[in-house]
Structures are given as C-alpha cells and as structure tokens.
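User: Please explain the terms used for this entry, setting each value against its definition.

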Amino acid sequence: MSSAISFKQVSKTFPPDIHALKSIDLKVAEGEFLVVVGPSGCGKSTLLRLIAGLENQTHGSIDIFGKDSDQLAPQERDLGMVFQNYALFPHLSVFDNMAYGLQVRRESAPEIRKKVEGIAQKLEILEFLRRKPNQLSGGQRQRVALGRLLARDPKIHLFDEPLGNLDPQFRAGMRSELARLHQERPRTTIYVTHDQAEAMTLGQRICVLRKGEVLQVGTPEEIYDLPAHRFVAEFFGSPGVNCIDGKIEKKEGIPSEFRSGSIQFPLPNHDMPTGSITLGIRPENWTLSAPENGAIHWGD
Ligand code: ADP
Ligand code: MG
C-alpha cells in the first residue's frame, strides 16, 4: 500500500532546547487508522501540528501523498483536525458550522444541505442543526466538530484527544462510532490519545511515543503480546503486566532457567541472553491452583 504520510528523521526543537520530537521515522498507509499514544508531553500534538502545517520541523522531511510538505501550504494539504475543545464558531448554528468548509469550497446550496443533513443523521444531531453550540452538551458539540470534518471529508483526518472532555460512558459510544465511520469510509486517520485502552480499541496500528521518541509501531496484538520495550509492556493492560527482576542461567550449557530469589523455573530453550533480565507476565496468563487441588478458574 502506498504511504499517505511519511516522516523521515523528523525532529522538532522548541527554543531554547525542548526536544519535542527526536528523529521520527513513521509511515502511515493510505486509509489506515493509526493511533499515536503516550504520556502527556511526549510530543503527540506536535506531531499532528507538523502534519497540519501549523508548525515546521527543525530537521528531516514529511511527505504527504508523495509530496514534500515543505512545498505545501497548510490549506493545500487537504486535511482536517478535531481537537479536545471543539473549536466551533460560537456565533454560527450547528448547520452553518458543519457547512462552513463546503461553503468555502463554493459548493451549491442544495448539495451542501444534502451532505450536512446526511452526516448529521449519521451522528444523530439532525434535530440540533438550528441550535448554537452553547445550547449543546459537550458530547453533542464534539459530534458537531466531527460532523464538520466528515462533511468536508478531507483526505487526512487528524484527531487530537477529541474525547478527552467527555463522560466515560459517552466516550465508549463515540469510540465505536468513530471505528464504524472509518470502516464505512476509510480515510487516512491519525488519532492521538494518552489513553492506552482507547489506543487498543481504536487503532489498526499503534505508535507508542515517549519523550519525543517512537518506541514501537505495531498492531494492538503485537504491541500487547510482543512489546519492544519495558515501558510499552507496562503502559498497556489493566491490570498491568507483572514484572519480576531476575537472571537467566545456563543449564547443561544452554541458557534456560529463570531465577529470582526463591523463584526458579525453566524457560523454553530459545536464543536467550544470560544475565540480568526482567520477566513480564500478563495477569491473565497466570493459572492459580490450591495446593494439590488442580486449577482454580476465575474471571470467566
Ligand atoms: P503532548 O501532546 O504529547 O502532550 P506536546 O506535543 O504538546 O505533547 O508537547 C511536547 C513538548 O513540547 C512538551 O515538553 C511541551 O511543553 C513542548 N512544547 C509544545 N509546544 C511548544 C511551544 N509552542 N513552545 C515551547 N514548547 C512547546
Ligand atoms: Mg497534546
């Protein structure tokens, strides 16, 4: 598949010496839903702002649909962004907020009405089209912001923690709606969140960012089952992974035994390093047993 967005050794430094992004290499395929996840301050918003052209990188290059982004003004990039704080026009009705991008493009009034009403119906905000944003709840406003993006339907959809202000139960509903919409119309999407559960449920692939560096990019299964970094292992999963510090020792010349204090057990004879190591075990992978009494099953 061809790349919609390609970062080549991209760094962003804010004066005097805040290294917000450090030599990022990242490709986003056309039509892919990529979630960028990491703790607050790790550079997620900066990454989106570079794609949108709201900031310029300090080093490296970003290609958008095969064109060097340095040659593309923000308005030439055919993308839309949804933020946590909606950024709706307060003086315009919901309809006019959603129609704005289409009016700018000089689409005909009947065409605009058809598109806006179609999207509003999907998002269940049809009955609010005449209202002003301040007459809506947070969740409804966020639907309008999403609707505005979908009505314009740019090639690239950027989301910066768009569900952060919503109630947890409403957030779950919006998540499944976003996933469904993407299935219906697979636009290239980069979705930023600090929430590991959101990343796991929404991402076709996940990019884990920490302190401006990409630690791992992979499917949710790869990230969860084969974390490339201890931070990645500990960031995902609730309850979290159990980590036991210990050593791998040789048995009959083959490194195959894990030891930590009084714990000692065999490991498969793969190519193991010897020496100090941390063993990670997901909580759901333990089996409990009463002494002599077989397995205790729990949590079915
Ligand atoms: P995130 O969205 O993951 O919370 P940001 O991309 O907003 O992280 O910020 C990454 C780092 O860059 C942080 O240390 C932040 O303080 C810094 N930063 C972001 N924007 C600016 C700016 N305009 N000027 C100076 N520092 C900034
Ligand atoms: Mg941010």
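Analyst: By class, five nonpolar, five polar and one charged residues make up the shell around ligand 1. The model is a predicted one, in which local features require pLDDT of at least 70 and side-chain atom pairs pLDDT 80 or more, whereas totals for chains, interfaces and linings use all residues. Residues are numbered from 1 along each chain as its sequence is written, chains are lettered from A and ligands numbered from 1 in the order in which they are written, and side-chain values use heavy atoms, without hydrogens and water.

User: Which residues are around ligand 1, and what makes a residue count as near a molecule?

Analyst: A residue is near if one of its heavy atoms lies within 4 Å of the molecule. The residues around ligand 1 are Phe14, Ile18, Ala20, Pro39, Ser40, Gly41, Cys42, Gly43, Lys44, Ser45 and Thr46. For the classes, Ala, Val, Leu, Ile, Met, Phe, Trp, Tyr, Cys and Pro count as nonpolar, Asp, Glu, Lys and Arg as charged, and the others, Gly among them, as polar. Lys44 is in the shell and is therefore charged under this scheme.

User: Which element gives the largest share of the shell around ligand 1?

Analyst: Helix 1 does, with three residues. Strand 2 (18–29) and helix 1 (44–52) each supply at least two; helices (H or I, at least four residues) and strands (E, at least two) are DSSP runs numbered from the N terminus.

User: Why is the pair of Gly41 and ligand 1 called a polar contact?

Analyst: A polar contact is a pair of N or O atoms within 3.5 Å. A polar backbone atom of Gly41 is 2.7 Å from an oxygen atom of ligand 1, so the pair qualifies. For Cys42 the corresponding backbone distance is 3.2 Å, and for a backbone N or O atom of Gly43 it is 3.1 Å; these therefore satisfy the cut-off too. Taken alone, ligand 1 exposes 560 Å², of which the protein buries 60%, with areas from the Shrake-Rupley method and a 1.4 Å probe.

User: How do you know that Asp153 and Arg185 form a salt bridge?

Analyst: The term requires a side-chain nitrogen of Lys or Arg within 4 Å of a carboxyl oxygen of Asp or Glu. The N to O distance between Asp153 and Arg185 is 3.8 Å, so the criterion is met. Asp153 lies in the loop between helix 4 (138–152) and strand 7, and Arg185 in the loop between helix 5 (168–184) and strand 8 (188–193), so the pair ties together parts 32 residues apart in sequence. Asp153 also meets Arg187 in a salt bridge, at 2.8 Å. By this rule the count comes to 20 salt bridges.

User: Is Glu257 buried or exposed, and what is Lys251 called?

Analyst: Buried means under 20% relative accessible area, exposed over 50%, and partly exposed in between (1.4 Å probe, protein chains only). Glu257, at 8%, is therefore buried, whereas Lys251, at 47%, is partly exposed. Their side chains meet in a salt bridge with an N to O distance of 3.7 Å, and both belong to a network with Glu249 and Arg259.

User: Why is strand 6 called largely enclosed?

Analyst: Four of the five residues of strand 6 (residues 79–83) are buried, so the rest of the structure largely encloses this strand. Strand 6 pairs with strand 7 (residues 156–160) in the parallel sense over five bridges, where DSSP must find at least two bridges for a pairing.

Notes
A polar contact is a pair of N or O atoms within 3.5 Å; within protein, one must be able to donate a hydrogen and the other to accept it, and residues adjacent in sequence count only if both atoms are side-chain atoms.
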